[in-house]
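Thank you all for coming. I would like to take a few minutes to walk through one model with you, beginning with a single helix and then moving outwards.

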Amino acid sequence: MSEREALFSKKNLKLLSDPLNSSNPITVQVLGICSALAVTAQMKPAIVMALSVTAVVALANVIISLLRNTIPNRIRIIVQLVVIAALVILVDQVLKAYVYDVSKQLSVFVGLIITNCILMGRLEAFALGNKPWQSFLDGIGNGAGYGAILIIVGFFRELLGSGSIYGFRVIPESWYITHGGFYANNGMMILPPMALITIGIIIWVQRSRNRKLIEN
Amino acid sequence: MKAIRNFFEKTKPLVQKGAKYQWLHAVHDGFFTLFFVQKNTSKSGTHIHDFIDLKRTMGIVVLALIPALLFGMYNTGFQHYQAIGELESTGFFSVFFYGFLKVLPIIIVSYVVGLGIEFAFAQMRGHEINEGFLVSGILIPLVMPVNTPLWMIALATAFAVIFGKEVFGGTGMNVWNPALLARAFLFFAYPAQMSGDSVWVALGSSDKVVDGFSGATPMALAAAGHPEINVMDAFLGFIPGSIGETSALAILIGAVILIVTGIGSWKIMASTVAGGLFMGLLLNIFAVNPYMEMPFWHHLIIGGFAFGAVFMATDPVSAAQTNTGKWIYGFLIGVVAILIRVLNPAYPEGMMLAILLMNTFAPLIDYYVVEANIKRRLKRAKIAA
């Protein structure tokens with residue numbers, strides 16, 4: 001190696017920024033949809049889920065990248081799974097210790113991070129062929145891209161479905177029909193079908209701004 | 001007529017490509033074809049066209065809906081005055097006028113929102129404006145409870161037009177019936193305003209109801225174990241329900257118009273009714289509760305069964321296209337509708353869900369009908385050879 005690459009070279013920064021837009025795991029690669037539908041009825045669990053996945057994917061990327069030359073090719077999937085599962089259990093314990101109510105709300109979906117396609121995807125496609133620092137950045141970038149969509153979806157679902165943002169009421173009680181007003185919460189926003197449609201709208205908006213993403 | 005033609009001839013150069021009002025081109029064309037048939041012939045393919053184009057087809061369906069609409073207006077007033085106990089002292093026209101004033105805003109909102117979105121999409125995509133919304137715009141008010149807030153109507157219409165139609169490519173490409181999609185959206189999003197006993201009869205906040213008034217529809221009563229109905233009232237439509245669905249008689253008049261003009265498929269209507277009767281009969285045989293014991297033909301005159309069978313199931317875009325497919329499609333709508341109605345306590349009416357479900361399967365039914373046909377003919381060819 002003749003030249004040492006700067007820590008935040010242009011190429012490395014791209015690893016961080018690409019997943020936020022042109023290679024977003026949810027809206028472009030369409031990975032990790034199930035958890036995006038399941039945990040976004042409110043913002044708080046969406047944010048916790050976003051942080052958990054980011055932590056797991058970044059750390060798993062680093063570990064697999066460090067081991068990449070020692071893992072026998074034929075058993076690499078099981079090794080990746082062991083690494084991810086260990087990290088997910090750690091995250092689950094941390095959530096249970098510090099944000100117990102959210103952990104209760106997320107229930108099985110923390111455990112299901114293990115099966116989240118984004119993780120295996122990044123490990124297979126990136127960490128197995130790149131150095132730890134780049135892998136770390138890639139993990140952070142993909143976690144952030146996933147989390148950003150989760151938080152946007154959670155914002156609209158909580159606002160329209162429950163009339164609040166991050167648990168704080170923003171639509172006054174007196175507007176509601178039950179209190180003599182005219183407004184009612186949209187019950188369908190709480191249900192997963194509307195989450196799918198919300199993600200659809202985000203994909204629509206993104207592709208009309210970034211026309212390169214439109215398939216022929 | 002001449003004056004109208006002159007007006008369109010004169011304004012035509014103004015909306016040509018490159019002219020000042022080019023962006024109004026689609027609007028001009030839309031209104032021109034409302035009065036006249038385009039003189040253009042096609043450049044390839046079929047050269048002979050029926051003059052019954054989309055606009056005139058839609059016009060006939062709207063015409064067929066008029067009896068149900070007028071009766072719906074009268075019934076809105078009828079239910080109101082009956083509830084406050086002033087029916088005897090109120091004249092026919094004031095009863096009708098009350099309902100007219102209640103229903104008209106809903107129709108206006110549905111048309112303004114729906115047509116607005118259609119026009120916007122047509123302009124944005126450079127398409128011609130088409131008439132796809134003419135029928136949906138009148139169907140949407142007819143399937144709503146009269147007390148639905150107007151902003152909900154607007155929201156549901158926007159949802160149905162954008163996500164039911166425009167994202168699939170506009171008129172003629174929709175997978176589901178847009179009007180039913182609007183209703184389904186409200187049904188799941190705002191259940192309190194779409195079901196229960198207080199949404200079907202229009203009442204002001206100061207109105208005093210008579211003793212014994214409940215406001216429940218026959219469907220709700222039946223689901224609660226009281227399926228006794230006054231057959232004459234249910235047939236004529238003097239029962240609470242969505243605006244246009246109550247009168248089987250008015251719907252029957254519409255059905256006759258649709259069948260005589262060949263616009264609506266009689267196969268679908270007949271098979272839907274057959275499916276409903278079959279399922280009703282089956283439930284009668286295995287009845288274990290009062291609802292299942294209800295005479296099977298009563299299902300045809302309560303709830304939205306008749307309206308759905310005549311106006312919703314026959315929507316030519318979302319229904320099955322092949323002749324055999326139409327029989328299967330209609331029959332299954334009838335069966336599923338009665339099944340949901342009687343056996344699922346969460347949904348008092350099953351017609352909406354049955355039609356939307358079968359809309360989803362219509363292409364599959366067509367696929368297998370066509371495949372079977374090909375197979376049969378191949379076999380015949382082999383024998384001949």
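**A helix and its surroundings**

In α4(B), the buried residues are B:V95, B:Y98, B:G99, B:V103, B:I106, B:V109, B:S110, B:V113, B:G114, B:L115, B:E118 and B:A122, where buried means that 20 or more other C-beta atoms lie within 10 Å of a residue's own, exposed means 12 or fewer, and partly exposed falls in between, with C-beta atoms placed from the backbone. An α-helix has 3.6 residues a turn, so residues three or four places apart point the same way.

I should say at once that this is a predicted model, in which local features need pLDDT of at least 70 and side-chain atom pairs count only at pLDDT 80 or more, while totals for chains, interfaces and linings use all residues. Residues are numbered from 1 along each chain as its sequence is written, and chains are lettered from A and ligands numbered from 1 in the order in which they are written.

Helix α4 of chain B covers residues 92-125, and since its 34 residues at 1.5 Å a residue should span 50 Å (1.5 Å times one less than the number of residues), the 48 Å between its end C-alpha atoms agrees with that expectation. Helices here are DSSP runs of H or I of at least four residues, and strands are runs of E of at least two, numbered from the N terminus. There is a kink of about 25° at B:V103, shortly before the proline B:P105, the bend being the angle between axes fitted to the seven residues ending there and the seven starting there. After α4(B) comes B:G126, with a positive phi near 70°.

Let me turn to where the chains meet. In chain B, 9 residues are in contact with 7 residues of chain A, contact meaning C-beta atoms, placed from the backbone, within 7 Å. On the chain B side, the elements giving two or more residues are α7 (178-189) and α8.

What about B:K208, buried or exposed? With 10 C-beta neighbours inside 10 Å, B:K208 counts as exposed, and B:K208 sits in the loop between α8 (191-194) and α9 (218-223) of chain B. The C-alpha atoms of B:K208 and B:A234 are 25 Å apart, with these positions 26 residues apart along the chain.

Finally, chain A has 10 helices and 2 strands, and 34% of its 216 residues count as buried.

Key: Contact = placed C-beta atoms within 7 Å.
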